[in-house]
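Subject: Structure handover

Hello,

Here is the structure I promised to pass on. Please load it first, then read my notes below.

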Amino acid sequence: MSQRLHLVFGGELKDPQKTEFENPEDIHVVGMFPDYQSAYDAWKSEAQRTVDNAHMRYFIAHIHRLRDEGAEASPTEELGS
């Protein structure tokens with residue numbers, strides 16, 4: 001089984017109903033994790049720590065899905081070629 005990396009990051013959103021960051025340069029990178037469970041635990045910890053700020057959101061990105069060499073290129077990747 002290949003390694004399944006997950007990135008946990010977050011920051012303040014312009015609008016809590018959308019996913020556009022107020023200041024992308026201030027995004028908090030929590031870290032890279034070797035499995036979903038450890039990423040989820042880190043995400044939950046940060047989400048609970050910032051629960052009083054309605055504009056603050058944390059996300060889990062499935063990094064392993066970005067470079068699955070066996071899968072066809074995504075529409076975004078095809079635009080760059």
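The accessible surface of the chain comes to about 6200 Å². Carbon and sulfur atoms hold 51% of that area. Keep in mind that this is a predicted model. The chain has 81 residues, and buried ones make up 19% of them.

**Layout**

The secondary structure amounts to three helices and three strands. Along the sequence, the pattern reads β-β-α-β-α-α. Among contacts with a separation of 6 or more, 59% link residues 24 or more positions apart.

**The sheet**

The three strands form an open sheet. Their order is E2-E1-E3, and the pairing is antiparallel. E2 and E3 are the edge strands, since each pairs on one side only. From one strand to the next, the twist averages 15 degrees.

Now the pairings themselves. E1 and E2 are joined by five bridges, in the antiparallel sense. On that side, Val8 stands opposite Gly31 in E2. E1 and E3 also run antiparallel, with seven bridges between them. Two partners in E3 are worth marking in your viewer: Gly11 bridges to Arg57, and Glu12 bridges to Met56.

E1 is mostly covered, with five of its seven residues buried. Helix H1, residues 36-49, lies across E1, E2 and E3. H1 runs at about 170 degrees to E3.

**The aromatic rings**

How many aromatic pairs does a search of the whole structure find? The search gives five. I will describe two of them, beginning with Phe9 and Phe21. Their ring centres are 6.2 Å apart. Their planes meet at 55 degrees, so this pair is tilted. Phe9 belongs to strand E1 (residues 6-12), while Phe21 sits in the loop between E1 and strand E2 (28-33). The pair therefore ties together parts that are 12 residues apart in sequence. Both Phe9 and Phe21 are buried.

Phe21 also pairs with Phe59. Here the centres are 6.0 Å apart and the planes stand at 80 degrees, so the pair is edge-to-face. Phe59 lies in strand E3 (residues 56-62), and Phe21 in the loop between E1 and E2. This pair therefore ties together parts that are 38 residues apart in sequence.

Taken together, Phe9, Phe21 and Phe59 form one aromatic cluster.

Is Phe59 buried or exposed? Neither: its relative accessibility is 24%, so Phe59 counts as partly exposed. Phe21 has a relative accessible area of 14%, so Phe21 is buried. The cut-off for buried is under 20%.

**One more loop residue**

Asp26 is also found in the loop between E1 and E2. Asp26 has 53% relative accessibility, so this residue counts as exposed. The cut-off for exposed is over 50%. The C-alpha atoms of Asp26 and Glu12 are separated by 8.4 Å. Along the chain, these two residues are 14 residues apart.

**Where to look**

To find the cluster, select Phe9, Phe21 and Phe59. For the sheet, follow the order E2-E1-E3. For the helix across the sheet strands, go to H1, residues 36-49.

Best regards

Note on methods. Residues are numbered from 1 along each chain as its sequence is written. This is a predicted model: local features need pLDDT of at least 70, side-chain atom pairs count only at pLDDT 80 or more; totals for chains, interfaces and linings use all residues. Side-chain values use heavy atoms; hydrogens and water are left out. Rings of Phe, Tyr and Trp (its six-membered ring) pair if their centres lie within 6.5 Å; planes under 30 degrees apart count as stacked, over 60 as edge-to-face and the rest as tilted. Helices (H or I, at least four residues) and strands (E, at least two) are DSSP runs, numbered from the N terminus. Buried means under 20% relative accessible area, exposed over 50%, partly exposed in between (1.4 Å probe, protein chains only). Two strands pair if DSSP finds at least two bridges between them. Contact means heavy atoms within 4.5 Å. Accessible areas come from the Shrake-Rupley method with a 1.4 Å probe; for residues, only the protein chains shown count as cover. Axes are lines fitted to C-alpha atoms, for helices over the stretch in contact, and angles run from 0 to 180 degrees between N-to-C directions.
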